[in-house]
Amino acid sequence: MQAVLPRAWETPVPAKPDNIVEVRGLSKFYGSFEALKEIDLDFPRGELISLLGPSGCGKTTLLKMIAGLLQPTAGQVLVKGKPVTGPGPERAFVFQDFALMPWATVIRNVAFGLELRGMPKAQRHEIARRYIAEVGLAGFEERYPHELSGGMRQRVGLARALAVDADVLLMDEPFSAVDEQTRRKFQEDLLSLRRVQRKTFIFVTHSIEEAVYVSDRIVLLSRRPGRVSRIIEPDIPRDGTPDEIRRDRRYLDTIEDIWDGLKRFVD
Amino acid sequence: MTLFGHRVPMMSSLLVWCLLWELIGRLDLMFLVPPFTAVLAAMVELVQSRQFLAATAITLRSFAVGMALAIVVGVALGVLMGRFRAADRLLGMWVNLFVSAPLSALVPILMILFGLGDTTIIATVFMFAVWIIVLDTQAGVKHISGSLVEMSKSFGAKPRDVYLKILLWAALPEILAGIRLGMIRGVKGVVIGQLLVSVIGYGELFELYSRNFLMERFWALTILVFAFAILVSELVGAIEKRIEYYAGVRQ
Ligand SMILES: Nc1ncnc2c1ncn2[C@@H]1O[C@H](COP(=O)(O)OP(=O)(O)OP(=O)(O)O)[C@@H](O)[C@H]1O
Ligand SMILES: [Mg+2]
């Protein structure tokens, strides 16, 4: 006689995309100034999504509310389906100004998130060492931040965010304080990081080229108040060399397209 | 410094003053000023005397205890006032008043409160040192940019972590500057306290020497106390230098 097996797995699952972060009706007032107005956004797991928009349109505000560092005036953020009430271990932040502790060595800075979780020193240093190597800073473990260049400091900030093994990396203009060459190197690193790490990146930038170059999806924000004006999924070939990609028609057209949209706000 | 086209070392100006002192002493113009060499001889004698060693022990202990209290209370109050507007409103006025008030005037009150003993000296050191530590700590904590605090919170720091792992460290250059200034004031406090109480430590010795016109000893003790004050401030200054690098690079 044949046993009756539970057949739950056969029930049809609705083809609902797996959104790791959902933003629902999010608004933010600073006093009477409306910085963001009714933002609704989905961030699919494993994608690199850029928030792009003119200065002051509320990109940082939005990112910090996702991080749980700022309280929204209305609406909510869901991470893995749960409402955000504050920072959490499934999100890690990369700061525009690096936010490294100047009194601590590189390795202590990188291990800081783990230190706060109470992980023993030997263990957290081992993990930190691995990520320091991953961002290309092996050999600099015992240096202090003021002994590093801006680009190296941001790598420390990145390693610190990677070390806590969060699912979502929130990056606020991480490359804006470094020179153009370093910036391009960073963009390559970010792309290869995205290939090896199964993480979701939410990436703030005000460079159209950068957004188009690295993103799976670009959220265009408009200003006063900040709202979502468009969502673009650039269809860029990823198999060429950086130079080939930057000369690709579709890459250039996407940039042109976004520019045309943004011009309306500049005027 | 140059003299007649020749470079002379810094300390030589001190030598000139010592020579002048010696001369005036030899001339026997005032009984208040014995020759410098006599003072030096008295100093050698003094530092070997049991009296002096006992007074030094008492003085150092009162100073250390008073300073320790001033540092703990001063830093705690300063952090509180730097973080909370309400604490600043409540205490700021008093701290600013006391930091520049002639505190010696209050020592007699301490004497009534704590008696003619160690406790009064400790309280005097504390009262002299604590306010500047509060002010400097507050200034340090206030000017920390939010970014490090925000960073620690984003990585799950509890309030306790924010204070112990971020705020105290970020404000360390100012805190140390406050402690250095506090120590200089504390030395004043210990001397003034002992002079006013005048039955313990150096105060007792000063009283003894001046009443019996032992001017060599009086000056020897004065020089030693001055040297101690300079030593203390140099010591903290050296610690300060070691962390100076990050006052400038702090975000
Ligand atoms: N703490 C605050 N208090 C008052 N207004 C604020 C505050 N923070 C931001 N704002 C205002 O809210 C708006 C959005 O700020 P936000 O920093 O999010 O912009 P942004 O898109 O990140 O700009 P940028 O590209 O310059 O970094 C701005 O107009 C800013 O002046
Ligand atoms: Mg910003």
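## Domains of chain A

A:K199 and A:D165 are joined by a salt bridge in which the closest N and O atoms lie 2.9 Å apart. This report describes a predicted model. The domain assignment places A:K199 in a discontinuous unit, domain 1 of chain A (18–90 + 168–267), and A:D165 at the end of domain 2 (100–165). Two salt bridges are counted between domain 1 and domain 2 of chain A.

Taken over C-alpha atoms, the centres of domain 1 and domain 2 of chain A are separated by 25 Å. Contact between them takes twelve residues from domain 1 of chain A and eleven residues from domain 2 of chain A. These two domains of chain A bury about 970 Å² between them, and carbon and sulfur atoms give 62% of that area.

Within helix α4 of chain A, which spans residues 121–134, lies A:H125. A:H125 counts as buried because its relative accessible area is 16%, under the 20% limit for that class. Leaving aside residues up to four places away in sequence, A:H125 touches A:I107 and A:A111.

## Interface of chain B and chain A

The size of an interface is often given as the accessible area lost when the parts come together. For chain B and chain A the buried area is about 2000 Å², with 69% of it from carbon and sulfur atoms. Three residues, B:E150, B:F155 and B:K165, supply 33% of the area that chain B buries against chain A, more than any other three residues. In terms of contacts, 21 residues of chain B meet 23 residues of chain A.

Two salt bridges are found across the interface of chain B and chain A. B:K165 forms a salt bridge with A:E115, and the closest N and O atoms of this pair are 2.7 Å apart. B:K165 is also one of the three residues named above for their share of the area buried by chain B.

## Domains of chain B

Chain B is divided into domain 1 (1–33) and domain 2 (35–248). Their C-alpha centres lie 32 Å apart, and the contact takes eight residues from domain 1 of chain B and eight residues from domain 2 of chain B. The area buried between these two domains of chain B is about 760 Å², of which 72% is on carbon and sulfur atoms. The count of salt bridges between domain 1 of chain B and domain 2 of chain B is zero.

## Nonpolar patch and helices of chain B

A nonpolar surface patch of about 1100 Å² is made by B:W17, B:L20, B:L23, B:I24, B:L27, B:L29, B:M30, B:F31, B:L32 and B:F213. One of these residues, B:L20, belongs to helix α1 of chain B (residues 12–27). B:L20 counts as partly exposed because its relative accessibility is 40%, and the patch rule admits residues with over 30%. Another patch member, B:F213, takes a positive phi of about 55 degrees just after α10 of chain B. In helix α10 itself (residues 201–211), B:G201, B:Y202, B:G203, B:L205, B:F206 and B:Y209 are buried.

Helix α9 of chain B (residues 172–197) contains B:L181. With a relative accessible area of 33%, B:L181 is partly exposed. B:L181 touches B:I132 and B:D136, not counting residues up to four places away in sequence. B:L181 and B:I133 are 48 residues apart in sequence, and their C-alpha atoms are 7.7 Å apart in space.

Key: Residues are numbered from 1 along each chain as its sequence is written. Chains are lettered from A and ligands numbered from 1 in the order in which they are written. This is a predicted model: local features need pLDDT of at least 70, side-chain atom pairs count only at pLDDT 80 or more; totals for chains, interfaces and linings use all residues. Side-chain values use heavy atoms; hydrogens and water are left out. Patches are made of residues with over 30% relative accessible area and no salt bridge: like charges are joined within 9 Å, nonpolar side chains (Val, Leu, Ile, Met, Phe, Trp, Tyr) within 5 Å. Accessible areas come from the Shrake-Rupley method with a 1.4 Å probe; for residues, only the protein chains shown count as cover. A salt bridge is a side-chain nitrogen of Lys or Arg within 4 Å of a carboxyl oxygen of Asp or Glu. Helices (H or I, at least four residues) and strands (E, at least two) are DSSP runs, numbered from the N terminus. Buried means under 20% relative accessible area, exposed over 50%, partly exposed in between (1.4 Å probe, protein chains only). Domain bounds come from an automatic or database domain assignment. Contact means heavy atoms within 4.5 Å. Buried area is the accessible area (1.4 Å probe) that two parts lose on being put together, summed over both.
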